[in-house]
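Grab a pencil and work through a few short exercises. Each one has a task, followed by a solution that goes step by step.

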Amino acid sequence: MTSHQIVMLIAIAIYLLFMIGVGIMFAKRNNTSDDFYLGGRRLGPLVTAMSAEASDMSSYLLMGVPGLAYLCGIAEAGWTAIGLAVGTYLNWLIVAKRIRRYSLVADNSITIPEFFSKRFHDKRNILTCVAAIVIITFFVPYTASGFAACGKLFNSLFGVDYMTAVVFSAIVIVGYTVLGGFLAASTTDLVQSCLMTAALIVVLCFGVSAAGGLDVVVENAKALPGYLDMTAGYDAVSQSAGTYGFIAVVSTLAWGLGYFGMPHILLRFMAIKDEKKLTLSRRIASIWVVISLFIAIFIGVVGLAMSAENVLPVLEGSSSETVIVQIASLIAQHGWFAAVVGGLIIAGILAATMSTADSQLLAASSSLSQNLLRDFFGIKMSGKTMMLLARLTVVGIAVLALFLAKNPDSSVFRIVSFAWAGFGAAFGPVVLFSLFWRRMNMSGALAGMLVGGIAIFVWKFQIRPLGGAWDIYELLPAFILASLAIVIVSLVTKAPSKEITDDFDRVAAMK
């Protein structure tokens with residue numbers, strides 16, 4: 001191992017130790033499972049905004065998006081970014097304040113499955129059970145994609161065995177999450193979002209310079225057929241222009257629909273201390289998302305120019321997702337200070353992964369321990385036992401995610417896109433109709449979750465492979481089908497009780 005790699009590892013180690021320290025600092029503040037999973041609703045506006053977006057922008061921001069732009073041009077990555085930016089803004093604008101209020105009215109709900117059941121006065125907690133199963137089903141592979149990203153990072157940069165790196169990264173993430181719970185996850189997310197931003201900016205500036213300047217980067221991109229065309233795209237295999245028509249554009253923009261159903265983001269809305277600060281949080285979050293996604297896409301373009309100029313090796317297939325790692329390694333070769341900077345860039349990539357994985361672990365853990373065991377099966381436990389179970393559940397889910405992360409050739413972007421679609425379709429329509437449609441009932445909510453979740457699998461593995469007009473991102477058709485199921489089933493079944501509509505009217509009357 002070279003001296004600059006050793007310096008990079010030291011910088012990364014210091015960062016990881018800091019994350020563990022945050023977990024230890026917040027450990028004593030978790031007196032109840034409510035504190036562990038929602039932080040006692042004590043988040044400030046800055047932490048709310050940046051923890052929401054850091055937990056959203058997982059490893060696909062620093063690995064998936066640049067890798068996609070490197071291989072395929074700006075069409076798919078660009079339309080995805082536009083969809084995500086619009087979805088982010090609308091989620092903060094439409095959902096944030098409403099769900100913060102409604103979760104309090106719905107018997108102070110602290111998880112999304114619990115909110116669904118209490119919103120519809122579901123005494124048997126059927127909605128809680130189904131929602132918890134959905135969360136576990138999609139969050140485990142989502143978390144696995146994060147662990148896989150860490151493994152790719154250390155393997156490509158330091159030659160560390162892939163699974164060894166995956167296990168080590170998981171231990172750190174689980175460590176501070178188990179210790180500090182939601183408050184630790186949210187606070188570290190704030191730090192991680194700052195580090196992610198710094199990493200993006202440094203990599204972009206260095207990359208442009210190393211490629212020979214902005215003119216060289218642009219000219220290289222222009223020389224590739226369809227690479228800069230938002231209606232074409234680039235086929236790296238045939239080295240020819242692709243086709244990115246109306247259906248593909250609409251399909252990709254549908255990424256934005258996913259936000260309405262993301263449990264780890266919705267929990268941030270529920271956890272803010274002062275709902276009046278949500279407007280400030282929305283502005284911070286929206287600006288950060290737009291800038292970060294634009295830079296991530298452009299880094300892919302810059303990385304390709306660096307390969308063309310023989311500054312970087314040519315990256316093929318899933319290895320394109322290591323473009324930022326490769327650039328960070330180049331930076332680190334310019335002296336010890338540059339090595340520290342390179343190490344912090346790698347830490348920024350870890351931050352992107354960790355900030356999502358910790359939130360996913362908490363959401364999946366709460367679904368299993370709180371929503372299934374306590375609420376649905378009615379297992380009585382003391383507060384101390386609940387805390388122990390919550391922590392053990394985080395560990396157990398992480399172990400399962402490690403098993404799923406064993407394939408080093410899996411694409412981070414593709415895994416995330418499937419899990420994203422799952423939550424968007426199963427929860428998104430249910431959340432929106434729950435918050436804004438008075439006539440919706442429990443049967444409609446159950447139908448929406450089931451139809452949305454099942455449609456994701458059917459469309460992904462049975463219909464989309466047919467190609468042509470059927471080649472649509474599974475989130476869009478599943479979201480539409482789930483919405484139709486909610487409306488139709490709610491209208492043909494018994495209207496909600498007066499107690500339920502009174503709760504709705506109470507929230508609607510709040511100013």
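**Exercise 1. A leucine and its patch**

At its relative accessibility, does Leu 484 count as buried, partly exposed or exposed? Then work out which patch it belongs to.

Solution. Keep in mind that this is a predicted model.

- Step 1: find the residue. Leu 484 is in helix H18, which covers residues 475-492.
- Step 2: apply the cut-offs. Buried means under 20% relative accessible area and exposed means over 50%. Leu 484 has 46% relative accessibility, so Leu 484 counts as partly exposed.
- Step 3: look at its company. Leu 484 is part of a nonpolar surface patch with Val 451, Ile 480, Leu 481, Ile 488, Leu 491 and Val 492. Together these residues have about 630 Å² of accessible area.
- Step 4: see who contributes. Helix H18 gives the most to this patch, with six residues.

**Exercise 2. The chain as a whole**

Find out how many helices and strands the chain has, and what share of its residues is buried.

Solution.

- Step 1: the secondary structure comes to 19 helices and two strands.
- Step 2: of the 511 residues, 60% are buried.
- Step 3: turn to the surface. The accessible surface is about 18900 Å², and carbon and sulfur atoms account for 68% of that.
- Step 4: check the contacts. Among those with a separation of 6 or more, 82% are between residues 24 or more positions apart.

**Exercise 3. Two ring pairs**

Compare how the rings are arranged in Tyr 259 and Trp 420 and in Phe 294 and Phe 298.

Solution.

- Step 1: know what to look at. A pair of aromatic rings is described by the distance of the centres and the angle of the planes. The chain has 19 aromatic pairs.
- Step 2: take Tyr 259 and Trp 420. Their centres are 4.9 Å apart with 90° between the planes, an edge-to-face pair.
- Step 3: place them. Tyr 259 is in the loop between helices H10 and H11, while Trp 420 is in helix H16, so the pair ties together parts that are 161 residues apart in sequence. Both residues are buried.
- Step 4: take Phe 294 and Phe 298. This pair is stacked, at 6.4 Å centre to centre and 5° between the planes. Both sit in helix H12, four residues apart, or about one turn of the helix. Phe 294 counts as exposed, because its relative accessibility is 58%.

**Exercise 4. Three salt bridges**

For each of these salt bridges, work out which parts of the chain it connects: Arg 101 with Glu 275, Asp 107 with Lys 118, and Asp 502 with Lys 498.

Solution. The chain has seven salt bridges.

- Step 1: Arg 101 and Glu 275 meet at 2.7 Å, N to O. Arg 101 is in helix H5 and Glu 275 in the loop between H11 and H12, so parts 174 residues apart in sequence are tied together. Both residues are buried.
- Step 2: Asp 107 and Lys 118 meet at 3.3 Å, N to O. Asp 107 is in the loop between H5 and H6 and Lys 118 is in helix H6, so this pair ties together parts eleven residues apart in sequence.
- Step 3: Asp 502 and Lys 498 meet at 2.9 Å, N to O. They are four residues apart in helix H19, so about one helical turn separates them.
- Step 4: look for shared partners. Salt bridges join Asp 107, Glu 114 and Lys 118 into one network.

Terms used. Residues are numbered from 1 along each chain as its sequence is written. This is a predicted model: local features need pLDDT of at least 70, side-chain atom pairs count only at pLDDT 80 or more; totals for chains, interfaces and linings use all residues. Side-chain values use heavy atoms; hydrogens and water are left out. Buried means under 20% relative accessible area, exposed over 50%, partly exposed in between (1.4 Å probe, protein chains only). Contact means heavy atoms within 4.5 Å. Accessible areas come from the Shrake-Rupley method with a 1.4 Å probe; for residues, only the protein chains shown count as cover. Rings of Phe, Tyr and Trp (its six-membered ring) pair if their centres lie within 6.5 Å; planes under 30 degrees apart count as stacked, over 60 as edge-to-face and the rest as tilted. Patches are made of residues with over 30% relative accessible area and no salt bridge: like charges are joined within 9 Å, nonpolar side chains (Val, Leu, Ile, Met, Phe, Trp, Tyr) within 5 Å. A salt bridge is a side-chain nitrogen of Lys or Arg within 4 Å of a carboxyl oxygen of Asp or Glu.
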